[in-house]
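Morning, everyone. Please have the sequence and the structure open while I talk. I'll go through the strands, then the core, then the pocket, then one helix.

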Amino acid sequence: MADDGHPVRRPGGPGTGRRLLWRWRSNPLRRRDDVVEAWIVLAVWLVVAVGGAAVGVLTGRAADGAYARERAERRPVAAALLQDVPGTAGQGSGLGGDRVMAGVRWTASDGSVHTGRAMVRSGQEAGARVTVWTDRRGDPRPEPRTGTEARTEAVLFGGAAALALAGAALAAGGGARYWLTRRRVDAWGTEWDLVGPRWTHKTG
């Protein structure tokens, strides 16, 4: 209660919702651009909330499905190194720096001999037995991701897709609102050019 006996209006009170939704209510100050801006804001947040969730889920499922197909199609094959593979500075670090590309030779299930290049552990000599992964045609391929790795990357891809869509929607909405603001400012300037001289004349 104020000193004059009138209630004090606090921020966030009942009037806050009315102020936030003033563009949706009919009032003499509302213009067509205000209604357009209200629809733009609503559309942007719908795209961010609903579209972002949908794109994230679909992207994650697509990535997870692709990794599942890799695991189903690729098979480990025993192979022999065709060259010495010296150790690297990162060998034994556990950071994946101890694997390098090297020439290998393997025998397919039909008895045919193949040669190619595959990722192998460093620090081995020519003739050492290694394991390579091949696809259905027998071509060497990277080792497929495990189920846990696949799910983790699928979640990351889904989140990145959702963030990309949200960023594009917010940028487009911000650009549209900026254009509407400039349009309103220009309209106010035009109206003032018409009304201002009358006020100045009356004041004089």
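Start at a single bridge. Trp106 has His114 as its bridge partner in S3. Keep in mind that this is a predicted model.

That bridge sits in a long run of pairing. S2 and S3 run antiparallel, and nine bridges join them. Another of the partnerships is Ala102 with Ala118 in S3. The two strands form a hairpin with five residues between them. Look at Gly111 there: its phi is positive, near 95°.

Now the other strands. S1 pairs with S2 in the antiparallel sense, over three bridges. Ala80 has its bridge partner in S2, and that is Arg105. S4 and S5 are antiparallel too, with two bridges. Here Thr134 takes Pro140 of S5 as its bridge partner.

Put together, what is the strand order in the open sheet? It reads S3-S2-S1-S4-S5, five strands with antiparallel pairing. Which strands stand at the edges? S3 and S5 do; each has a single partner strand, so one side of each is left without a neighbour in the sheet. As background, strands of a sheet pair through backbone hydrogen bonds.

Step back to the whole chain. It has three helices and five strands. Along the sequence the pattern is α-α-β-β-β-β-β-α. The chain has 204 residues, and 22% of them count as buried. Take the contacts with a separation of 6 or more: 60% of them come from residues 24 or more positions apart.

Next, the core. The largest nonpolar core has 11 residues. From the low-numbered end, they are Val77, Ala79, Leu81 and Val85, then Ala102, Val104 and Trp106, then Ala118, Val120, Val130 and Val132. At least two of these residues come from each of S1 (75-81), S2, S3 and S4. So our opening residue, Trp106, is a core member, and the Ala102 and Ala118 bridge partners are in the core as well. In general, nonpolar side chains tend to be buried together in soluble globular proteins.

Pick out Val77. What does Val77 contact, leaving aside neighbours within four places in sequence? Trp106 and Thr107 are on the list, along with Val130, Thr131, Val132 and Thr134.

On to the pocket. The largest one holds about 200 Å³ of space. Strands S2 (99-107), S3 (113-121), S4 (129-134) and S5 (140-141) each give two or more residues to its lining. The lining includes Arg99, Met101, Arg117, Ala118 and Met119. It also takes in Thr131, Val132, Trp133, Pro140, Arg141, Pro142 and Glu143. By class, that is seven nonpolar, one polar and four charged residues. Note that Ala118 and Val132 line the pocket and also belong to the core.

Last stop, helix H3. This helix covers residues 147-203, and Leu165 is found in it. Is Leu165 buried or partly exposed? Its relative accessible area is 25%, so Leu165 is partly exposed; the cut-off for buried is under 20%.

Leu165 also reaches far back along the chain. Val48 is 117 residues away in sequence, yet the C-alpha to C-alpha distance is 7.0 Å. Not counting residues up to four places away, Leu165 touches Val47, Gly51, Gly52 and Val55.

That's the tour. Over to you for comments.

Key:
Residues are numbered from 1 along each chain as its sequence is written. This is a predicted model: local features need pLDDT of at least 70, side-chain atom pairs count only at pLDDT 80 or more; totals for chains, interfaces and linings use all residues. Side-chain values use heavy atoms; hydrogens and water are left out. On a 1 Å grid over the protein atoms alone, a cavity is a set of points where a 1.4 Å probe fits but cannot get out, and a pocket is an open set with protein on both sides within 12 Å along at least five of seven lines; lining residues have an atom within 4 Å of a point. Grid points are joined across faces, edges and corners, and a volume is the space filled by probe spheres set on the points. Helices (H or I, at least four residues) and strands (E, at least two) are DSSP runs, numbered from the N terminus. Ala, Val, Leu, Ile, Met, Phe, Trp, Tyr, Cys and Pro count as nonpolar, Asp, Glu, Lys and Arg as charged, and the others, Gly among them, as polar. Two strands pair if DSSP finds at least two bridges between them. A nonpolar core is a set of buried Ala, Val, Leu, Ile, Met, Phe, Trp, Tyr and Cys residues joined through side-chain atoms within 4.5 Å. Buried means under 20% relative accessible area, exposed over 50%, partly exposed in between (1.4 Å probe, protein chains only). Contact means heavy atoms within 4.5 Å.
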